[in-house]
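Please examine the structure shown below. The paragraphs that follow lead through its aromatic side chains and their surroundings.

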Amino acid sequence: MKRTELNLAERRKIEDLLHRKVKVAEIARQINRHRATVYREIKRNFFKDEELPQLNGYYGMLAQKSAADRRARRRKLVRIPELREAVIGRLQEGWSPEQIAGRLKLEGHATTVSHETIYAYVYSPDGQSQALARYLPERRKKRKPRYSRTPRGMMFPLERSIHNRPEYIKERSTFGEWEGDLMIFRQEHGKANVASLVERKTRFAVLFRNNDRSSKHFMAKLMNVMEPLPQIARQSITFDRGIEFSGWRKLESGIGTSAWFCDPQAPWQKGSVENLNKRARRYLPRDTPIAALSNRDMKAICDRLNGTPRKCLGWRTPTEAFTEELRKLG
């Protein structure tokens, strides 16, 4: 559906249905809009009166006026020729919209404008007819929405889907194919978490403390941990689609390790690391103050996990199986 602004009739309908205590999802259905649009409309145009709180609420006519006022502010560069000429002149000199907006405020102009309004004008029909985008430092066909997120489909492209992963990885017939995940702990203990890795063939586990959930921080720490291994012992890692794994491309260029990704909400597709997490929780429950654990503590937990015989390994331990595979590499 093409995105268009709500009109007065729709706003009055929202007011009426809210007064009747109708749920937002049902309001959205009745006016044929996405529920997020209705939630955003109510939040943006909700009327509050500190002196008479009983008057607080959503009113269609007031919402329509507020929307019209916002549109008028966005149209400053259409309504005020002097301001428009000042902005266009500085764009042509190579100034960025942010520099123009900041300078106008510094010079004490009676009417100022934000850099977002300048961008909106540049990419509007008026701005496009004057080809103003060619003066921008970074030219695009259209304005990228403010605070927009990169779609998950671009972070984790189809060609890296687990369904395109080579069959020999699924069969556990080769050494050096890993699965990775993050173990999260209670919020009051801060951002610290534990990264968990398991080699699929030998079930060898690696746990390390990670002080930040950002992808940049996580990938840097992961590469430091994996790099000492021979290249053939770190061929690939399979992750879920958590945002902390969005920097996966750095693995390929940094240490030559490829990445694969499970389907959304399908953690069972990396069952080995999920099983590892369950066993590791015996020693790392969710209320563990991770920041207080030393590297020696983490190694002791890994040694205990890797020193336990496993039926799937013919009752060998993961350490024995992993060491044997490394010995084969010479």
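One aromatic cluster in this predicted model is formed by Phe156, Phe208, Phe218, Phe239, Phe245, Trp248 and Phe261. The number of aromatic pairs comes to ten. Within the cluster, the rings of Phe156 and Phe261 have centres 4.6 Å apart and planes at 50°, and the pair is therefore tilted. Distant parts of the chain are linked by this pair: Phe156 belongs to the loop between α10 (152–155) and α11 (167–170), while Phe261 belongs to strand β7 (residues 258–261), 105 residues apart. Both Phe156 and Phe261 are buried.

A further pair consists of Phe204 and Phe322, whose ring centres are 4.1 Å apart; because their planes stand at 15°, the pair is stacked. This pair, too, links distant parts of the chain, with Phe204 in the loop between β4 and β5 and Phe322 in helix α16 (residues 318–328), 118 residues apart. Phe204 counts as buried at 17% relative accessibility, and Phe322 counts as buried at 6%.

The loop between β4 (193–199) and β5 (205–210) also holds Thr202. Thr202 has a relative accessible area of 1% and is therefore buried. Leaving aside residues up to four places away in sequence, Thr202 touches Phe175, Leu313, Pro318, Ala321, Phe322 and Glu325. Phe322, the stacking partner of Phe204, is thus also one of the residues in contact with Thr202.

Charged side chains lie over aromatic rings as well. Arg160 is placed over the face of Trp260, at 4.0 Å from the ring centre. Arg281 lies over the face of Phe185, at 4.7 Å from the ring centre.

Terms used. Residues are numbered from 1 along each chain as its sequence is written. This is a predicted model: local features need pLDDT of at least 70, side-chain atom pairs count only at pLDDT 80 or more; totals for chains, interfaces and linings use all residues. Side-chain values use heavy atoms; hydrogens and water are left out. Helices (H or I, at least four residues) and strands (E, at least two) are DSSP runs, numbered from the N terminus. Buried means under 20% relative accessible area, exposed over 50%, partly exposed in between (1.4 Å probe, protein chains only). Contact means heavy atoms within 4.5 Å. Rings of Phe, Tyr and Trp (its six-membered ring) pair if their centres lie within 6.5 Å; planes under 30 degrees apart count as stacked, over 60 as edge-to-face and the rest as tilted. A charge sits over a ring if NZ of Lys or CZ of Arg is within 6 Å of the ring centre and within 35 degrees of the ring normal.
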